[in-house]
Structures are given as structure tokens and as C-alpha cells.
Amino acid sequence: MKTIPTCCFLPLLLLAPLVAQDSLQLKDGRFVFGKRMTASVDGVTVHFDNGNVKVPKELIRSCTARDASGNTTDLSTSDKDKMAKGLVMFKGRWVKAVVRDKQIARDRVASARRIEAAKKRRKWVNRHKMKTRNFEFEFTIDPELMRGYMDLMEVYYKVFTKEWRIRKPSKMGRLKVCFYHDRQYFEQVGGAPSGVIGYFRFVEPIELNFFYDRMDEGATVDVMFHEANHYLTHLIDPKFHYPAWVNESLAEYYGASSWDPKTKTMQTGGIQEGRLAVLQDAVGLNKIANRTGSVDDENWLGLEDMIRIKRFSAIHYAWGWSFVHYLLSTPKYKSKFKKYYIDLAKSKKIKKVLGFRAFRSVEPDEQIKWLKSYLGVKDLKVLEKEWHNYIRQMKAASANGYHWAGTFAMSRGMPIKAQRLFKVAIDMGSTNPMTWVGLGRAQHRKDKNAEAVASFDKAISMDPLAAMFYIYKARVLEEGGEAGKEEGKKLRKLAFEIEPDNDQIIMETVWEDGK
Amino acid sequence: MPNSLSAQGTLRRGVYSNSELGFQLKVPAKWTQVPTQVDERWVVAQFQSDMRYEGHVKLDGPRCRHRPTMRVIKFDEAVSKDIASVGRDADDAAVRTHKRPYRNYRDYVKRNSSKGGFYFSVEKPGAKLGKYSVDIYEVKVEKLSRNGRRHYIAYVFRGTGIDFAVEFDFLEYKFKKLKSSALRCFRSFKLIPRTTGARQSSGIEDRITGTWLDPDWKNKSAAERRLLRRKIAELRARRAIAGLPRGWRVSESKHFTILSNASKKHTSRLVKSAETCRTWLDKRFGAMNDEYVSKGILRICRNYDEFSVYRTRSSDAVSLNNREIATYENKNLGNGAAFGPLFYSLYTQFMAEKHNLLHSSTPYWLRSGMEDYLRSARVRGSKIEFTSSTYVAKTFRLLRRSKVEPRTPRQLMNLADSQFSKGNKKDPVIAHQLETFFRFIESSRKQPKILESRGSDFVLDYLRESMKAAEEYETARKASKPSSTAAVTEAEEEERTRQRSGRIQKRRNAICKAVNGALCGWSDTEWQSLDRAYRVYLKQQKYL
């Protein structure tokens, strides 16, 4: 529902009464309030005290600002006659100025109401609630945006339960799915510790919690597939608790599924490119060509070690995912592994032990014994070798994969390598502004300040209301003498105006200002 | 500046009044006051109900029990705006200190809530309550809540320059039933004339530190350092005593200022144990260096519920000078289970004051062994005993059954840091083996010959050598630090990253190697003799 009018002509004198405090709602659920705004054909300019920010039309869902600009050069004679009679063009029709002004005022009020209502809904207490056949959704994002995720969840449910022949126990109702508009709110309301990006609660009240990542919608879908997979495998036997190595790994496998919103179909078996980047780095495969590294760089994880690990951490998710990916992509193991997975919970011949809250589980020795038996391998080392060889030939093939590889290189303190990887991601068509931010930060680390500013400008043009982008740019500019410092300071203030409640921005701006 | 000294109120006949801050309110009947922490700057007073309520069995968990709590939190306009201050360091250079004060109650909840996922279910700014304008908030803690779902209700009253948030914490399951007691309390709130300005503390503790973080620490003489630590300890004890509600008892022992709300019997038993342990620490490790170990505060709460409210503090209520140990009376636990953590806390504080690098640099085999040894301490009469747990025996039994030999002293003392985390069934719990090895070193009346020949006290020598090696390592690291030329190629960059990775492990391994080199340069025969002595010990313990 777009409310940006397409009228093209309005005498400049009429601009004055339209100047007011406007509001703006973006498609990703963000808002801007209490600032003067000017609408134009290609977007809306928000007039902050510390600078103007042009928001492209593609990002906007609704805005109270009304267009007043037009092109007078290509008017026909009849148009000029109508103008002479005091008529104005409005939404493709010639109307009296009074009529237009009244309509604009009505539109403004309607938009303001709509935006205000949407803002209210972002509070958990006013959250949206919707039900589908198998799920009960509670969310703070835009319902239009949510509809896609709801369809996706239902399709996923159907595909997975059919493929794995799972039936929901009769007493289990719909699963509650809680979806938040951003990470900060997810951590606050969901109670998730920092670093967690989604969780499935498998004890009463059973529910699934995750958030909408506006910078990376692909990641949102990944997390959703991952966490929903925990629910679907929970349905196999709700009294059984799967060991982490097999549970998280299978969830990661399904997490990499791709989704086509038009045909409403999903494709499993994709590459978790972020995980692959981590793995390749761990084993030295991510190194630059023609360089032999020392042996201790090749930090391969053994299969038995992985099964016996007590705390399954982020790096183990990557290993686990690659192992399950190998098994499910290899015809001779695919159906055997699926049977093993189901039978871990269901088969009486596999010995169970009682774990916490009376959940049944299987000890590592038993897991190993039956894994070998189901897959038909005598020695785990043989399987381990096949798996490691499989990892060697996996490749990150998309912009997203290179984006993650670049991000990982930055986190390891390797800005030269990161620049190369981010550039590849951009060449492959990355539409993620964070790729440009990553590139800019890497360039800044290597003192390529002019290039860094250009990268940040590109990121800003893609998402002009991401306040942190201005901070990154300010950091670079402030290294360029007094003029740069002044400009940087202004940008910091602008960032603070855009996101006044963001703690990181407060630290960067108000503290910097010393007030 | 902490408020314990500057803004004490009084609770009389159910009315809490604080004339220095200028407010008073009725506290629900039979609620008791709980002290706030010495470094607390926001919570003025807190109270706890003597009634304990159970949560919903299914939604809050079967063991959920909670006593409602009330807190008065102040938001001083001047403090909230004070986010940066500029001072001067020893070289007269400008030093900017950044602070992050809470802006208002909403901000306080957002940054301070630790009970689980929460949201504001009611927000009514500018509501009227009698003659006062109040902001009303209700906060629900629902998801991943610790100890049951909660429901907070708070009224924020606007004073002159100070806002007061009066907050109640109830179980969600009992909220409807108990809400009225909170509303009665809100209605009783009155702003009263402030009698005097808040008294200022001497401020000495805000400016100084009695820790190794003081860059000038090592240049001070032992007497100066002792004086400084004593001064700080006295000041903190005074503040803690001033912040005590009625009913708490204050006493002094040789090494502690004791603040207790527990029974006299428990207090005297606990103090006796703490003194015995501390005396043992002095005797055993005191000679390590000439560092004075401060007198601490021992705070004993009446029960776990009181302890739990006491330790809930604002996130910025911390100080490097804190030498307080808080504990509580638990009638269900015996000597070992209740006092083990106390002894461990005493030990860590003692070691931290002896040397700042001790904890982070002592080779892992010794640190792990010593820590578990201390955790197993029990006091009998006036003696401290260290008894190994049944888990240790279990570990050795498992080794025997799996036909795996226990690690030799040489293997244990040269274990790389990374190996400690790789325990699996064949090598079950290395920590138990390390504890046993440390017990072997400590328990023999006479040290094994090989260890004795290296000095008067092998453990002390080893700790001293660790401190020395750690200091040398730090100096060398700083000297070799940055290669001024930045990496130009990816190959150089990768090489540097490789060198940087696992820095902490590398550091500890290097220190371990240096200390072993300096103290344990034994021949194979000497190592074998130590191994024999250790095996004899294991046989005596029936571990082999």
C-alpha cells in the first residue's frame, strides 16, 4: 500500500502550508517521527536538524508528507490553459487547489493514523496475533511482511513431516511462534542472552522465538528454518531429547533451505555459507592460493570428538552441519541416516537414559555404536575421512557466502583479505548494505580513507536511516583534519537524531560530545 | 558516589522516611528492610515480604517460590546528566571518564532486568495520584524467566531534582491478589521537606584504588600500601555499617567486619570457620610476598531469599576495592556444602591481593589443583581439613576399570592449557587427578625428597616463580609489541593472525614452561622417583 502521490505539478508557493512535522513508516517496520519531510517522485527527504536524509521510495511503506514538486517544462498548451484557470494537477487529474489541499490534508491524517497504529503494534503488549493450521503467531512486525513467513512455516511443516513421515501427537495444539521486529527487542522480550539469534523452548510453554533481521532477510529465513526444525523433530517423540551434535546439525542443514515466495516452494540442501567460511578458516582451506601453511593450522575435528562434545558451540554447528550435509547428499547414506535419526528416539533396541526433566536421551557410546550400525561402516575413522574430503570440495558460491567469509576475515583481524572477499561479494551482486559497510571498515583499517568514505556512502544510499553507517563514516572523516572533525561531529549528531534510543549511538555521539 | 552513607532513611512503625532525600511512604505490614550494597547508587531502600508464595506448577515450574519485594529507586537529575568528566592524571594529561547513568526508570529496567525476557505492559506517563503527578509502569517478565513469571508495578514520583520510583516485584501468578498492597503503599507516598543536603562521603575511595591496577602501586613501600588498604577497608566497613537496617548485628574479628542477620549460633560458627580458613591462608601463602591482605566484610543474610534480594544490585554498583563476601544461613546444608564456596571466595580474594597476575598466570595444573583443594575444605574445631570428594575416587575407579594409567606428575605438570578441555572417557576428569596430585604435595608431612631439594616450600616457590615469569612475559610482550609496519599482503596478514590466535593459551603455556624450566629441571631418574612417591600415595588412598 503506497501513499506517495504521483502528481507532478504544484506551484512552489503552495509549499509553505505543507511544511509540518511528518511521520514515515518503512517497509521493514522502522519509523521516523516529528521531523519535517518533503516527498518527491523517487522518495522522501527527511529534514533532520543536522542534515537531510533522502529515503528511497522502494523502502517506504507509508508517509504523511505530500509531494509538491513538478515539472513545468513539458506542459502542453491545454495544461497551461488549465493552470491559467487556477487548476492544479493532483493524482493525474486537474482539480481546484482547494480540493487538492483538502484531499492532501485528509491523506495526511489517514497516513498519520496508520503509522501511529503500526508503531503501537511494535510493543509486545499490543502485538499482532494470527493463527494458521499448525501455528499460532504473535509478532510485532508488519502483518503484510509476516504473511510471507506464515506461508513459509506452513509449507515447511508439510514438506518436512511428509519427507520424514512424522505425525504430530494428537494432544499437541498449535505451536506458538513469537517474532520480533529487531534483535534488541528479541533479546529484551524473548529473554535470549546476547549472541543467541533464535530459540525453541521444548518444555512448557512450548514456543519458538526469533527476530526479523532487516539487514539480512536471508538470515531471518535461515534462523526460522533452523528453529522450526527443532520443533518438527521434537514431534517425533516429545519425551525424547536429541543429542546436540545431531539435533543442531540437522537443524542447520534445513536452515540452509531456500524459499521461493512466489511459488511457495522450498528447496533443501543448500550451503550454509557462513558456516562454510568458518570451517574453511579452521582447516586452512580459506587461505590464499599457492601458500603452504603449517600443519597446526589444519585444525580438523574428529567425528568421535564431535559426538562426545559436551558443549556444542558455534564452531561445532559448522562441523555438524557439514557432516549432516555430507550424509544427506550422499545416496548411500541418505535414507540410512534418516532412519538412524528417527530410531534414536523411537527404536526400543537403542538404549535410552533419563536426562533432565525426565527427558530420555542416548549416551555417546550408544550413539556411536548405532551410527556405525545404521550407516554400515565398521570404523568411524573411515567415515570421518570421507566427511573431511567432502568438506575440502565444498565451495561458497554466492554473494552471501563471500559476504560472510569477509565478515569472518574482519573478525579475525584480516582487513586485506576481507576487502578482497567483500569485493567479490559486491561483484556477485550483493544487495546487503552491510557488505559495503564491511568493505568500508576494512578499507579504513588499511588507511584507504577516501575509498572507505565512498563505501560508506554507498551503504548509506542503500539504507539511509541506519544511524551506525553515519558513525562509521564520521570515524573516517575525523581523521582528516579540522574540517573533517567538524563534518564527523555533525554526522554523529545526525546519527543520534536518527536513532536517539540506540545505546551504541549514544556512546558514540553524546560521550564524544562530552555533554 | 554510593548512597549508603549519604542517604540513610529510617523505618518506624511501618513508615519509611528519608528526610535527606525528602520522601516517606508506608511499607506493607510485616515486610522487613534489606540492606543495599555498599556501591549502590540508585536503590535507596529495599524491603521484602515475610510471606512466601508459590508459583503456578506448570507455567512457573514445580519449585518456584518467591517473596514479594519492594524497592525505592532514585533518579537524581544531576547524576543522570553527568555522563563524562575530565580529570588529570599523574602527568597532568587530561583524562576523560565516561559514565553511563540511568536516564529514568524505563532505562533502569531495560539495562538492569535480570529475571528473564520482559516487556512493559502498562505505561501511563503523567497520571494523577492525589496531588502528585506520577508515571505508572507495569513490567511483565514472561519468557525464559528465572524463578517464575514476574509482574512488576512501579509508580514514579517527581520530586525536586529527583524522581523516586517505587517498585514492587510479584509473581505473575499472585499479582492480582497482591496488587492492592502495592497500591496502598503508592497512595501513602509523600514528598517531605529535605532537612539537609545529602552528606558527602570523603570521596577517598572514589579517587584511589588499593589494587594492582594503580600504576604507581609497585613504587609504594609495603607500609604505604598497607596503610592505603587499611584506610579503604575502614571506609567501606563504615559505609556498610551505616547502611544496615534495624536488627542486623555488627561485630569485629581479626580479619573481618561481620554484619549478620542470621542466628547467633550460625554466625559464630561461620565466623570461626572463616577465621580458621583465613589464618590458614596467611600461614600457608602469606610468605609469598610482602603484600598486605585487607580486612574484609563478611555479610551473613538470614536466609537465601534475603541474600537474593541483597545481591540484586544496579549494574554499576561495583568497585575494584570490594572485599566483601556475602552468604546466608542455610539450615539444610552441613558444614562442607555451605562453607566450601566461602573458603573458595576467601582464597580468591586473598590471592588477588597478593598479586594481580597470580590468577591468570599460575600454570593451570597448579591453579586447578589448588582451587579444588580449597573447595574441599572443612573446619573441625579450630582445624581446617581438606577431604577429597567421592567423585575423585570415582574417577580413579573408572580409570582402573578402563585399564588406563593415571597421569604421572611429569605429564600433569607439563599439560598444555588446551588439553584440559579435551577430557573424554579415556581421560575422564583431569581436574580430579590434578586435585589429587596437589593433595599429594600438600598432605605429606614431609615433602617428597625431590620437591624438598628445590627449596623450603615447593608450592610457594612455584607461585613466586609464576609471578616472576608472568611479569617477564608481560615485559617482553610489551617490548616486542607492535611491529610498526602493518601487513601489506594477505600472506603477511595471515601469518600475524596465526601468531595472535590462542594468545591466552600460549601465554599460560609459556609461563608454565618457564617455571618448570627454572624449578623442575630434573633428570629422568628424579622424575621417576617423584612418580614412585606419587604412586605410593595413590595406593595409600586406595586409588590404584
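Colleague: Before we dive in, when do two strands count as a pair?
Modeller: Two strands pair if DSSP finds at least two bridges between them. Keep in mind that this is a predicted model. So the cut-off to remember is at least two bridges.

Colleague: Okay, in which sense do strand E10 and strand E12 of chain A pair?
Modeller: Take E10, residues 175-180, and E12, residues 207-211, both in chain A. They share five bridges, and a pair needs at least two, so they count as paired. One spot to look at is A:Phe179, whose bridge partner in E12(A) is A:Phe210. The sense of the E10 and E12 pairing is parallel.

Colleague: Which strands sit at the edges of the open sheet in chain A?
Modeller: The sheet has five strands with mixed pairing, in the order E8-E9-E10-E12-E11. An edge strand here pairs on one side only. That gives strand E8 (128-131) and strand E11 (198-201) of chain A.

Colleague: Which strands of chain A does helix H5 lie across?
Modeller: Helix H5 covers residues 217-234 of chain A, and runs at about 15 degrees to E11(A). The strands it lies across are E10, E11 and E12 of chain A.

Colleague: Hopping to chain B, how many bridges join E8(B) to strand E14?
Modeller: Strand E8 of chain B, residues 69-76, is mostly covered, with seven of its eight residues buried. With strand E5 (residues 43-49) of chain B, E8(B) pairs in the antiparallel sense over five bridges. With strand E14 (residues 162-171) of chain B, E8(B) also runs antiparallel, and B:Asp76 stands opposite B:Ile162 there. The number of bridges joining E8(B) to E14 is eight.

Terms used: Residues are numbered from 1 along each chain as its sequence is written. Chains are lettered from A and ligands numbered from 1 in the order in which they are written. This is a predicted model: local features need pLDDT of at least 70, side-chain atom pairs count only at pLDDT 80 or more; totals for chains, interfaces and linings use all residues. Helices (H or I, at least four residues) and strands (E, at least two) are DSSP runs, numbered from the N terminus. Two residues are in contact if their C-beta atoms, placed from the backbone, lie within 7 Å. Axes are lines fitted to C-alpha atoms, for helices over the stretch in contact, and angles run from 0 to 180 degrees between N-to-C directions. A residue is buried if 20 or more other C-beta atoms lie within 10 Å of its own, exposed if 12 or fewer, and partly exposed in between; C-beta atoms are placed from the backbone.
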